[in-house]
Amino acid sequence: MPVELLQKHSRQRRRSRGAAEANGVEWLIDNAVAYDALIDAIVHARRSVWISQLAFDADCEAYAADGSATRLLDVLVRAHLERGIDVCILLNESLLLDTATPLRRALANMGASTIRVRGISRFPQLLHAKVLIADDSVAYVMGSPFANGYWDDACHCPSDVRRPKRELGGRPLHDVSVRVTGPAVQELSALFDAWWSGATKAGSRGASHVALQQHTAERDGAHSVRVARTVPGGATEILEAMLDGIARAKRLIYIEHQYLSSRAIVGAIVAALARAPHLEVIALLNQNPDVTAYRGWQNARLRESGLLDHPRVGLFTLWTRGDTPDGRIALNQVFVHSKVIIVDDAWATVGSANVDGVSLHSYGDDFASWLGRRVFRDVRNFDVNLVLTSDEPAVGASISALRSLLWTEHVGAGHRCLAQWRTSAAANATALTDSARAGSARSSGSFVLPYSTASHPLEQLRELTSAPSENLEVRFSPSWLEVHCSPNWIRNMFA
């Protein structure tokens, strides 16, 4: 299907559904659930599957409860060859990251070179938006790239052979994706149209790259689920939406994010705390981010702003435990990859954008040095988020349900306030000490601990527990170089 027909088909579908269709939202917590939903969408597609991704590895697999594995690419190829489904895949094809070229090669080897793969080449800016649209009627906004190191289920086992070490050092991963129907799909389809039209098969920028800055969605009035985007040289709608959501806060801001380094967002949180005397902020963050400099940037923002020790702010991190064959306790950090902000159970944003400069408006804004701020000024990725408000009762209920689902996984059902999170984290630290002295994990699975600015996982644990180190086996124990320079990430970007 030529691009012109693809766009015409999209416009016709948007008009045929009309403005009155209600929004539908389904939360997909952790990638075992998300991948199952994506496979189901591809299997049941009747006309088209359009994908925008940071990376798509040909060997990326989803695992069923019985242990069987299904390659995502195999499902797409079967849909295309056996049922004639039109498949369009948009990927990065730049100096910093190129997964378009190896995916084309893999498709050719599978006899599916008619699946079209286009590349975005905007070095040093990346296509970071992760979306799958089936039949222009249902869309999935995802948190993770299609790479095996990002697969995990709700058990978050400290080690898992299904989760290779090359991306995140083998750490378990927690993420959030969302299935959406209704008017928001129209906006996502239009956004995909614009980005697809601005890319070329060879991945060069070309004269049409300006189209990547255009968004032609036909919005039929305000909806309680809408699309916000970040575009290089263009829109900063995600930042604007986040600032608006935080400005609404009266009781609770819940943040569950891969990074928290954006000066603009941290400043907005500080202002909200000063304005609303009963406001509490709960943030679940990574102590060892996967990208060079982010640990230092995040800790600097937390210190400079006073959030690190603010009485109405709780900073937490996610760990997991289990027993080892020799009777010790296996521990690992759970890498928080989700991008969630919830305000008062009445506003939320979920998507691909991190709370950092490059996902929101300017990579340079994260730097402390004048040179870094100057060189990377206005450098930003392609990102997409859904923004939800409680204008529709069903969507309002979905926002509350998301917070409940996440809190139940992290701290158990019934938690409603910061004091309960702090009590739970303190109890977990005590239980970890007791278990280590007893030589048994006693229970397995993920749990929260207070956030630490220490650089190494062992140092972070020593701050919180007096557990005998000989009874602990910390599965993620990075070297000094890994802590401060993130060589795995650098290798992966240029691989």
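Begin with the whole protein displayed as a surface: it exposes about 18300 Å², and carbon and sulfur atoms supply 54% of that area. The model is a predicted one. Of its 495 residues, 60% count as buried.

Next, change to a cartoon view, in which 15 helices and 21 strands may be traced. Among contacts between residues at least 6 apart in sequence, 78% join residues at least 24 apart.

**First stop: helices H2 and H3**

Select residues 31-43, which form helix H2, together with residues 72-83, which form helix H3. Their axes come within 9 Å and cross at roughly 10 degrees. Because angles under 35 degrees count as roughly parallel, H2 is roughly parallel to H3. Now show the side chains at the contact: H2 contributes Tyr-35, Ile-39, Ile-42 and Val-43, while H3 contributes Leu-72, Val-75, Leu-76, Ala-79 and Arg-83. Of these residues, eight are nonpolar, none is polar and one is charged.

**Second stop: helix H4**

Move on to residues 100-109, helix H4, and highlight its buried residues, Ala-100, Leu-103, Ala-106 and Leu-107. These residues lie on the same side of H4, because they cover an arc of only 125 degrees around the axis.

To see what covers them, add the neighbouring elements to the selection. The cover includes H3, strand S5 (86-92) and strand S6 (116-120). Helix H3 thus appears at both stops, in contact with H2 and as part of the cover over the buried residues of H4.

Finally, select Gly-111, just after H4, where the backbone takes a positive phi of about 75 degrees.

Definitions and conventions: Residues are numbered from 1 along each chain as its sequence is written. This is a predicted model: local features need pLDDT of at least 70, side-chain atom pairs count only at pLDDT 80 or more; totals for chains, interfaces and linings use all residues. Side-chain values use heavy atoms; hydrogens and water are left out. Axes are lines fitted to C-alpha atoms, for helices over the stretch in contact, and angles run from 0 to 180 degrees between N-to-C directions. Helices (H or I, at least four residues) and strands (E, at least two) are DSSP runs, numbered from the N terminus. Angles under 35 degrees count as roughly parallel, over 145 as roughly antiparallel, 65 to 115 as roughly perpendicular and the rest as oblique. Contact means heavy atoms within 4.5 Å. Ala, Val, Leu, Ile, Met, Phe, Trp, Tyr, Cys and Pro count as nonpolar, Asp, Glu, Lys and Arg as charged, and the others, Gly among them, as polar. Buried means under 20% relative accessible area, exposed over 50%, partly exposed in between (1.4 Å probe, protein chains only). Accessible areas come from the Shrake-Rupley method with a 1.4 Å probe; for residues, only the protein chains shown count as cover. The arc is that of the directions from the helix axis to the C-beta atoms.
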